[in-house]
Amino acid sequence: MALNLCYHVRLVVVRTFSTVEHSMRWSRPRKLLVTLLLCSATTFFSSMTGMGQATVKKENFGKTASGQSIDLFTLTNAHGLEARIMNYGGIVVSLRVPDRNGHLDDIVLGFDSADGYATTSKYFGALIGRYANRIGKGAFTLNGLEYKLAINNGENHLHGGINGFHQVIWHARPFDSPAGAALELTYLSPDGEEGYPGNLSVKIVYTLTKNNELKIEYSATTDKDTVVNLTHHSYFNLAGQGRGDILKHDLMINAARFTPVDAGSIPTGELRSVKGTPFDFTSPTAIGSRIDQDDEQLKFGHGYDHNWVLDGKIGALRKAATVREPTTGRVMEVWTTEPGIQLYSGNFLNGSKIGKDGKPYQLHYAFCLETQHYPDSPNKPDFPTTTLKAGARHRTTTIYRFSTSKN
Ligand code: BGC
């Protein structure tokens, strides 16, 4: 944008000089200096007035039940990719990416209006916090004090509770970053919200990059020691939303171990090798090829609903997973700094939810790959810690990268 403006400024300067040239003789260095000065002034002016935000479009997307107005932001890149994100729940409402023939399609499940999201408990496309995934019996002890959280999943706490981050209104600021069109979302979660200690100040930046990625940068600070684990909950179907199940998608997860769970989906604490189990995705394997095997873990999850222990160094941005859809050739890589990733194979979709374009969302019509810390970490001292100390900053990055394959 700024470069573009500079180009126009240069044109104006050149034209002006050519008309005054006869009366005044300007030296080349002087012309250059004037151009540079005008360019800096224009760039400064454009950043002050927000003119640099042109690649993000903002529109109204209805109201919440309590009457707050909801905004929808459309981020696009030069390759035609488009992400529509609302300030309600930080929800990715649609994500259009090309197939191997350049045909764009929406690859995330969701609803035509904001109401659809408010009336489902399935976290479609949303930002999840303060603690993504489950905390056993909805309780944990920190610094000798026991904290009791909202119970909303059997006897457990799931995805931040009843009024988690998936349904708050975030303060939204669209901007053009050097990497691409971006949307900053901020939210101050008050001390005690859903039972968590500390005022937690959260900032999420979504960027639709020039390299066909949806990049999500998470950061948070607190004024009291607390726990935090943030994720994003898009339901993906790389064939296009509503276009059948995802059982033939090939998946590779860079993980030699996973965290087995009990019947309530709380990790037992063991880090189990995937070798010889239906949890081995170390080489590309169709999601559905072993999903119906007689396996206790698959029964507990009603399919895949488990956390994998990602290989590599926690905190380093590394490839966690690759998914390929054979008919369209769409490929999605997931990169993250997080220690774990949850594969959820849409086990609780049953056709009762009618999604975008009137599509009923049936069993396994989508998969989620939620980058995260391991579930129930606040009660598992051997798991990587999710404690955020007062004054410290929590910072993680996850990237969903899109490309295509010939086969
Ligand atoms: C959980 C599932 C849950 C789903 C809801 C997933 O992250 O692991 O158990 O049913 O979210 O959308």
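Here are three short exercises on this predicted model, each with a worked solution. Residues count from 1 along each chain as its sequence is written. As the model is predicted, local features need pLDDT of at least 70, side-chain atom pairs count only at pLDDT 80 or more, and totals for chains, interfaces and linings use all residues.

**Exercise 1.** Work out which side chains of strand 23 are buried.

*Solution.* Start with the terms: strands are DSSP runs (E, at least two residues), numbered from the N terminus. Buried means that 20 or more other C-beta atoms, placed from the backbone, lie within 10 Å of the residue's own. Now walk along residues 330–336: Arg 330, Met 332, Val 334 and Thr 336 share one face and are buried. Val 331, Glu 333 and Trp 335 point to the other face and are not buried. In a regular strand, side chains alternate between the two faces of the sheet.

**Exercise 2.** Find the strands that pair with strand 23.

*Solution.* Pairing takes at least two DSSP bridges between two strands. Strand 22 (residues 318–324) pairs with strand 23 in the antiparallel sense over six bridges, and Val 323 is bridged to Met 332. The two make a hairpin with five residues in between, where Gly 329 has a positive phi of about 75 degrees. Next, strand 27 (residues 393–404) is also antiparallel to strand 23, over seven bridges; here Glu 333 partners Arg 401.

**Exercise 3.** What does Ile 253 touch?

*Solution.* Leave out residues up to four places away in sequence, and count contacts as C-beta atoms, placed from the backbone, within 7 Å. That gives Phe 281, Trp 308, Ala 320, Ala 321, Ile 341 and Leu 343.

Technical notes
Buried ≥ 20, exposed ≤ 12 C-beta atoms within 10 Å, placed from the backbone. Helix = DSSP H or I, 4+ residues; strand = E, 2+ residues; numbered from the N terminus. Contact = placed C-beta atoms within 7 Å.
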